[in-house]
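Visitor: Could you give me a close look at one small part of this model, and then let the view widen from there? I am comfortable with cut-offs, so please state them as you go.

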Amino acid sequence: MTNDVLAVENISVQFGGHIAVNDVSLSVKPGTITGLIGPNGAGKTTLFNVISGLLTPTNGSVYFMDQDITNSAPHKRARLGIGRTFQRLELFNSLSVVDNIRVSIEISNQWGYLRPYQDEANTNAEISRILDITGLDAVRNTMATEIPTGQARLVELARALISQPKILLLDEPASGQNDQETESFGLLLRKICDSGISIFLVEHDMALVMNTCDEVNVLDFGCIIATGTPSEIQEHEIVIEAYLGAKKQ
Amino acid sequence: MAEFLTFTVVGLATGAIYSIASAGLVVTYTTSGIFNFAHGAIGMFSAFLYWQLRWDEGWGGFWPAPIALAFVLFIAAPIIGILLQLIVMRGLEGTSETTKLVIPIAVMLAFIGITNWVWQGAEQRIPKPFFGRNAKWSIGDTYITWHQTIIVIVAIVLAIALRFLLFNTKIGVTMRAVVDNPELVELNGGRPNRSAMQSWAIGSIMAAIAGVLISPLLGGLGVLALTLLVVNAYAAAIFGRLKNLPLTFIGGLVIGLSVSYWNWISRTGQKWPWLSELRTTLPIVILFCVLLLLPQDRLRGNRAGSLREQFRVPSIRSSILWSFALVSLVSGLSLIITSKWEALLTRGLTMAIIGLSMVLLTGYAGELNLAPLAFAGIGAIAAFQFDVGSAVETGPGFATLATLLAAGFGVLVFPAFGLFKRRLFVAVTAFILLVFILVVFFDGTTGTGIASRESMSLSGLVVASLITASVGATVALPAIRLRGLYLALATFAFAIFVDKMVYKQRETLTFDIPFVGDSEDLSINLFNNGALNIPRPKFWGIDFGEKQWAMLIFVSIIFCCISVALIQLRKSSYGRQLTAMKDSPAACATLGMNMRRLKLSVFTLAAAIAGFGGALHASNLRTIQEDYPFTIWEGLALFMLTVVGGIGYVSGALFGGIIYACAFIVMGDFWGKLAEDWGSFDWLFTFLQDFFLLLGPALAGIGLGRNPSGVASQIFDGFRILRKKENNGIVGVGSLLIAFSWFLRVIDVYNGWVFIMTSLPILFLMPLLGEANTRDRDRRKDTSIEMAGIDFGFTDEFISFVDKELSIPSDPMWKESRINDE
């Protein structure tokens with residue numbers, strides 16, 4: 001019995017002869033932001049797909065609040081409280097921004113265990129609140145295809161957030177955002193975390209990761225090569241070597 | 001033992017042909033990403049061409065076999081493949097799975113049309129096997145013809161050659177690379193277009209080989225039979241998951257042997273008469289089973305953003321207005337057209353109602369269904385059997401069946417609309433009661449059929465819908481785990497199954513409903529004489545059998561009601577969820593959606609609409625036959641034309657239905673009449689008549705690549721300009737002129753042609769005039785800055801406008817100081 005929100009144990013994923021994720025174990029503690037960094041092709045998104053159930057691991061187990069969910073379908077994991085965004089945008093492009101968020105509530109109401117927003121007024125109020133905190137109110141009626149990438153990522157976040165998850169898996173949420181937007185995005189993440197939602201963050205923007213995360217895991221060639229606080233990671237020799245291709249002088 | 005060997009040899013030979021055909025399909029698919037539905041039709045066309053060169057006594061004819069073979073296989077077939085790639089398939093980049101499926105279907109229909117056109121007449125065309133029918137050798141008591149031997153040898157050689165080509169040559173590797181990323185191939189010095197052409201040429205050659213080899217085994221050349229035989233190879237291709245050539249070859253052999261052994265066991269279908277058609281259906285049953293057993297790809301991500309198809313959702317207000325316009329138009333037309341045209345229009349509208357089921361299922365939910373008319377046919381049969389037919393002995397079990405169906409429908413569909421627990425219970429109970437009242441109080445529950453009446457009842461239509469819905473749910477239940485092409489093929493298999501096993505069924509089947517009545521509660525003779533007579537409805541004192549115009553207005557009202565309901569549904573929570581599922585299944589799953597249940601509900605609902613439309617369609621026609629109007633080919637044509645109209649719009653269904661039922665016949669009639677009247681140009685008008693009748697639908701489908709969102713939206717877009725205030729005058733005057741022309745026609749001042757020749761130009765001129773008017777107004781309003789001082793002077797108003805646009809303070813002192821600084 002641990003108090004981790006999410007734990008993966010000895011996860012391996014193999015595509016034919018290629019090992020994308022190799023015996024990875026890590027955990028996310030409640031009320032924290034945990035980062036997962038690594039070069040392109042390290043296996044970060046593959047690991048996210050395993051956690052959210054879109055991919056079945058070759059080996060290993062996934063635990064959510066101490067419950068083994070390795071063989072659960074993606075929609076069942078979502079209903080338990082695992083929300084996610086995608087590296088490659090997965091918006092509902094035939095819908096407007098507000099409908100992207102509304103449909104998330106409707107799915108929760110219809111198929112979820114909790115059905116959090118039975119009342120129409122309550123639903124609209126919550127949509128407005130989420131639009132407000134993500135700064136999307138100005139584009140609420142714009143079609144999802146017509147907004148820039150940075151805002152589209154916020155729509156994905158808002159969509160995941162409104163279903164009241166216990167943990168959010170964010171896959172490169174800051175890509176497509178400028179420096180100023182990334183900074184305020186970091187503050188937003190902290191605010192979400194303070195409201196009790198744990199965050200597992202995959203990101204290439206090192207400033208965002210180092211300023212926002214409580215703990216960082218580093219993945220390289222499918223293996224975890226380091227785990228620690230941001231300052232520990234910044235000094236970690238193997239990490240520097242993996243990123244820069246040479247030992248620190 | 002000799003018998004076993006004989007059937008094994010026959011099975012191996014047929015299986016080898018399936019292997020060759022399916023290998024061609026796999027080559028095209030792995031190298032272009034397009035499942036070539038026209039593969040069978042190319043094989044069929046090649047077989048006809050070969051026959052023409054070898055045996056016809058007219059043009060061509062009596063070519064030596066090697067030369068005829070070389071011409072068909074190495075000149076005609078590759079040219080067909082290359083032209084297809086160049087003209088048709090190249091335009092499919094960036095289109096949805098639906099469009100990628102529809103265009104090869106259009107090509108298939110085009111080949112069927114061309115073949116029917118070129119090789120007209122009832123002449124028996126019997127190709128001979130290689131080296132003649134008597135050239136054979138033996139193993140013990142079993143004789144093997146040289147034709148069979150050649151088939152097996154060709155299959156083995158081709159298997160080895162293809163494997164070598166695709167995996168050990170530069171051409172093959174490039175061909176495989178093109179499907180993954182053509183841009184990357186180009187960056188590395190490859191030529192994607194040339195590779196795609198090569199693969200289409202090879203695929204086409206394989207289809208031609210299969211066609212030429214299989215035709216002597218059939219006894220005579222038949223357009224549809226040959227096309228469908230090569231379609232059997234689809235199962236083998238799926239056996240190899242459309243990429244594995246060795247498994248594909250094994251799949252072909254398994255299918256060939258299965259069919260042969262079944263023929264042996266069932267004594268070519270005579271042992272179990274009600275399964276007599278299984279020998280022709282077995283490959284399709286295998287296809288369905290293989291599809292269900294195959295492991296599926298993981299959930300796909302978002303593609304909608306990069307697709308060229310985009311569908312807007314109309315408002316309820318505008319959909320109601322358009323509905324009124326349609327019913328008014330139809331009512332107005334019914335006063336001035338003959339009953340022949342009324343019947344044709346009614347046919348188009350009932351087909352459009354069936355098309356609405358595709359709008360819901362494919363347009364809204366993104367689920368492909370190639371069996372719309374199979375469900376419609378089941379609806380028609382159900383309406384016949386349970387409403388007006390005398391063949392069914394329903395007994396007291398019928399009311400029970402109807403209520404059970406209603407309960408099943410309610411439980412499957414209502415939760416998708418957000419009804420749970422108490423609300424669900426109340427809704428389902430209310431629905432059951434409604435159906436029960438309809439059936440018991442209006443039809444009774446005893447006797448033969450509900451009643452052997454002379455007209456169809458409202459409850460008959462409802463029960464037909466419910467039965468079709470339950471069949472839809474039963475088919476969907478195993479198939480909903482499939483997606484995209486695989487789902488399309490599964491529904492295609494179902495459509496062929498219905499074609500063969502239901503429409504051709506002549507045996508009486510009996511069923512026992514548990515706990516009710518005796519042991520034979522339902523006794524059904526599905527299609528006893530190859531034709532079912534289904535009378536028109538008779539509601540509210542109106543006999544739709546006597547009044548064609550009443551039937552026309554009735555179906556137009558039904559079409560509009562279902563259309564408005566569908567648009568409302570699309571705008572509801574349920575519709576948003578369907579759209580979300582279509583756009584990104586992966587995102588839906590990670591938000592907690594149970595897609596299987598949603599798919600099951602939408603399949604059930606769509607089947608119910610198709611069944612309802614099918615019953616109405618059959619009732620309008622009064623008679624349905626085993627080969628008309630619900631066959632797989634007509635279903636494919638309707639599906640294709642609905643996609644051409646715009647599968648995401650109800651107007652797309654209207655377009656598809658009307659075009660399918662009327663437009664090509666109108667065009668054909670028009671040219672036919674001219675051919676009669678102008679004898680000297682008979683050849684030209686007959687050519688045009690045949691062209692529109694045989695190739696019109698196919699060419700409309702092929703044109704889809706250029707406008708994947710559909711034609712209906714373009715037409716509506718054109719008329720949208722008339723909604724602007726400044727165009728009210730044009731709309732008013734145009735409408736008055738058309739109304740006046742209509743009035744003159746009503747009082748018989750002139751005939752229908754004059755009415756069409758006067759009103760159509762006005763109708764098409766209105767949006768053009770509106771556009772010109774709006775453009776003119778916009779130009780007058782437009783103050784383009786660069787034209788200042790040329791078209792107009794520097795007025796104070798203009799200067800303050802420029803200041804505002806450039807964020808320059810309007811303080812004159814500031815401006816003056818800036819000027820002094822400079």
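Guide: Two strands count as paired if DSSP finds at least two bridges between them, and the elements themselves are DSSP runs numbered from the N terminus, with at least four residues of H or I for a helix and at least two of E for a strand. What you see is a predicted model, in which local features need pLDDT of at least 70 and side-chain atom pairs count only at pLDDT 80 or more, while totals for chains, interfaces and linings use all residues. Residues are numbered from 1 along each chain as its sequence is written, and chains are lettered from A and ligands numbered from 1 in the order in which they are written.

Let's begin at the end of the sheet in chain A. Strand E4 (residues 59-64) of chain A is joined to E5(A) by two bridges, and these strands run antiparallel. One residue to pick out is A:Tyr63, whose bridge partner in E5(A) is A:Asp68. In the loop between E4 and E5 of chain A sits A:Asp66. Although A:Asp66 is not a glycine, its phi is positive, at about 70 degrees. A:Asp66 is exposed, having 11 other C-beta atoms within 10 Å (20 or more other C-beta atoms within 10 Å of a residue's own make it buried, 12 or fewer exposed, and anything in between partly exposed, with C-beta atoms placed from the backbone).

Stepping back, E4 and E5 belong to an open sheet of four strands in chain A, ordered E2-E1-E4-E5 with antiparallel pairing. Strand E2 (18-28) and strand E5 (67-68) of chain A are the edges, each pairing on one side only. Helix H1 (residues 44-52) of chain A lies across strand E1 (6-15), E2 and E4, and runs at about 115 degrees to E1(A) (axes are lines fitted to C-alpha atoms, for helices over the stretch in contact, and angles run from 0 to 180 degrees between N-to-C directions).

Chain A also meets chain B. That contact takes 29 residues from chain A and 24 residues from chain B (two residues are in contact if their C-beta atoms, placed from the backbone, lie within 7 Å). On the chain B side, helix H21 (573-583) and helix H22 (585-591) each supply at least two residues. By class, this side of chain B has 10 nonpolar, 11 polar and three charged residues (Ala, Val, Leu, Ile, Met, Phe, Trp, Tyr, Cys and Pro are nonpolar, Asp, Glu, Lys and Arg charged, and the others, Gly among them, polar).

Now follow the contact into chain B, which holds 31 helices and eight strands. Of its 822 residues, 48% count as buried. Among contacts in chain B with a separation of 6 or more, 78% are between residues 24 or more positions apart.

A good example is the packing of helix H4 (residues 97-118) of chain B on helix H26 (residues 682-702) of chain B, with axes 7 Å apart and an angle of about 165 degrees. H4(B) and H26(B) are therefore roughly antiparallel (under 35 degrees is roughly parallel, over 145 roughly antiparallel, 65 to 115 roughly perpendicular and the rest oblique). Their crossing is left-handed (the near helix is turned anticlockwise from the far one by less than a right angle; clockwise would be right-handed). The residues that meet include B:Leu109 and B:Trp117 in H4(B), and B:Leu694 and B:Asp690 in H26(B). The contact of H4(B) with H26(B) has 15 nonpolar, three polar and one charged residues.

For another pair, look at helix H3 (residues 65-88) and helix H8 (residues 192-218) of chain B, whose axes come within 7 Å and cross at roughly 135 degrees. That makes H3(B) oblique to H8(B), and their crossing is right-handed. Among the contact residues are B:Leu73 and B:Ile80 of H3(B), with B:Trp200 and B:Ile209 of H8(B). By class, H3(B) and H8(B) bring together 16 nonpolar, four polar and no charged residues.

Finally, some loops of chain B. B:Leu242, placed between helix H10 (233-239) and helix H11 (245-265) of chain B, has a positive phi of about 60 degrees without being a glycine. B:Leu242 counts as buried, with 20 C-beta neighbours inside 10 Å. B:Gln120, in the loop between H4 and strand E1 (136-139) of chain B, counts as exposed, with 10 such neighbours. In the loop between strand E8 (623-625) and helix H24 (632-646) of chain B lies B:Pro629, and the peptide bond from B:Tyr628 to B:Pro629 is cis, with omega near 5 degrees.
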